[in-house]
Amino acid sequence: MLRGIDLTVGAGESVALLGPSGSGKSSLMAVLSGLERPTGGSVEVTGLDFATLDEDALAVARRGRIGIVLQAFHLLPTMTALENVAVPLELAGERDAWSRAAAQLATVGLADRETHYPAQLSGGEQQRVAIARALVGRPQLLFADEPTGNLDTVTGSGVMDLLFAQQTASGATMVVITHDAALARRCARVVELADGRIVADRRA
């Protein structure tokens with residue numbers, strides 16, 4: 001449960017939400033991304049108050065504004081890497097979905113893996129596909145929830161290098177949810193949570 005959260009994140013910032021399991025990190029991300037509705041207060045994201053929107057309006061609001069990278073990848077197993085990345089664009093009715101998906105896969109170093117299915121990819125490659133899918137819609141706000149949790153140290157470090165490079169190139173605001181203090185310090189700002197409250201907010 002979140003308690004008395006007051007947080008402002010500027011455009012283009014990289015912010016880590018740091019804290020142990022149960023501290024409220026993922027709950028805060030869910031509220032900020034519009035996946036869960038707050039019981040009070042307001043949640044203004046790119047000029048819209050998510051707290052006042054119904055489910056359909058939230059779905060429309062998230063599209064093109066928010067990208068999410070999760071620990072578990074959540075790729076569709078029956079679709080190729082290219083198809084996985086193109087899905088959000090196709091759902092949005094974008095005509096150039098396939099060419100944009102191919103270009104985004106190339107930016108994460110997977111141009112030669114377009115026709116591979118998730119089971120044919122390593123964990124690091126699957127996470128890169130997930131990053132490409134999150135970024136292909138050119139979101140203003142990118143969430144990464146424990147993005148290296150299922151990866152070994154070396155692969156995870158490489159994925160984070162890629163994620164920060166992509167964030168810098170796109171100019172998106174990025175919020176990284178983690179319990180890893182070393183990963184949090186890679187962000188420009190660290191917001192520490194405990195028991196659903198913000199207990200520290202500092203520049204890294």
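In this report, two residues are said to be in contact when heavy atoms of one lie within 4.5 Å of heavy atoms of the other. The structure described here is a predicted model, and every value given for it is computed from that model.

**The sheet**

The model contains an open sheet of six strands, which follow one another in the order β4-β5-β6-β1-β7-β8 with mixed pairing. At the edges of this sheet stand β4, residues 66–70, and β8, residues 197–203, and because each of them has a single partner strand, one side of each is left without a neighbour in the sheet. From one strand to the next, the twist averages 15 degrees.

Strand β1, which covers residues 14–18, runs parallel to strand β6, residues 173–178, and five bridges join the two. Within this pairing, Val-15 has Val-175 of β6 as its bridge partner, while Leu-18 is partnered by Thr-178 of the same strand, β6. Strand β1 also pairs with strand β7, residues 189–194, again in the parallel sense, and here there are four bridges; in β7, the residue that stands opposite Val-15 is Arg-189.

How many of the five residues of β1 are buried? Five of the five are, and the strand is accordingly described as mostly covered. In a regular strand the side chains alternate between the two faces of the sheet. In β1, Ser-14, Ala-16 and Leu-18 lie on one side and Val-15 and Leu-17 on the other, and since all of these residues are buried, both faces of the strand are covered.

**A residue at the end of an edge strand**

Leu-70 belongs to strand β4, and at 28% relative accessibility this residue counts as partly exposed. When residues up to four places away in sequence are not counted, Leu-70 touches Gln-127 and Asp-145. The C-alpha atom of Leu-70 is separated by 16 Å from that of Val-108, a residue that is 38 residues apart from it along the chain.

**The helices**

Helix α3, residues 81–91, has Ala-81, Leu-82, Asn-84, Val-85, Ala-86 and Leu-89 as its buried residues, and these pack against α4 and α5. After α3 comes Gly-93, which has a positive phi near 75 degrees.

Gln-104 is part of helix α4, residues 97–107. Is Gln-104 buried or exposed? Its relative accessible area is 14%, and because the cut-off for a buried residue is under 20%, Gln-104 counts as buried. Leaving aside neighbours within four places in sequence, Gln-104 is in contact with Val-85, Ala-132, Leu-135, Val-136 and Gln-166.

Helix α5, residues 123–135, packs with helix α6, residues 153–170, at an angle of about 15 degrees, and their axes are 10 Å apart. Angles under 35 degrees count as roughly parallel, and α5 and α6 are therefore roughly parallel to each other. Where α5 passes α6, the crossing is right-handed. On the α5 side, Gly-124, Gln-127, Arg-128, Ile-131 and Leu-135 take part in the contact, and they meet Thr-155, Val-159, Leu-162, Leu-163 and Gln-166 of α6. By type, the residues of this contact divide into five nonpolar, four polar and one charged.

**Two loop residues with positive phi**

Phe-73 and Arg-138 each have a positive phi although neither is a glycine, and the table sets out where each of them is placed and how accessible each of them is.

| Residue | Phi | Loop | Relative accessibility |
|---|---|---|---|
| Phe-73 | about 70 degrees | between β4 and α3 | 10%, buried |
| Arg-138 | about 55 degrees | between α5 and β5 | 59%, exposed |

Phe-73 thus lies in the loop that runs between β4 and α3 and counts as buried, whereas Arg-138 lies in the loop between α5 and β5, residues 141–145, and counts as exposed.

How values were computed: Residues are numbered from 1 along each chain as its sequence is written. This is a predicted model: local features need pLDDT of at least 70, side-chain atom pairs count only at pLDDT 80 or more; totals for chains, interfaces and linings use all residues. Side-chain values use heavy atoms; hydrogens and water are left out. Two strands pair if DSSP finds at least two bridges between them. Axes are lines fitted to C-alpha atoms, for helices over the stretch in contact, and angles run from 0 to 180 degrees between N-to-C directions. Buried means under 20% relative accessible area, exposed over 50%, partly exposed in between (1.4 Å probe, protein chains only). Angles under 35 degrees count as roughly parallel, over 145 as roughly antiparallel, 65 to 115 as roughly perpendicular and the rest as oblique. A crossing is left-handed if the near helix is turned anticlockwise from the far one by less than a right angle, and right-handed if clockwise. Ala, Val, Leu, Ile, Met, Phe, Trp, Tyr, Cys and Pro count as nonpolar, Asp, Glu, Lys and Arg as charged, and the others, Gly among them, as polar.
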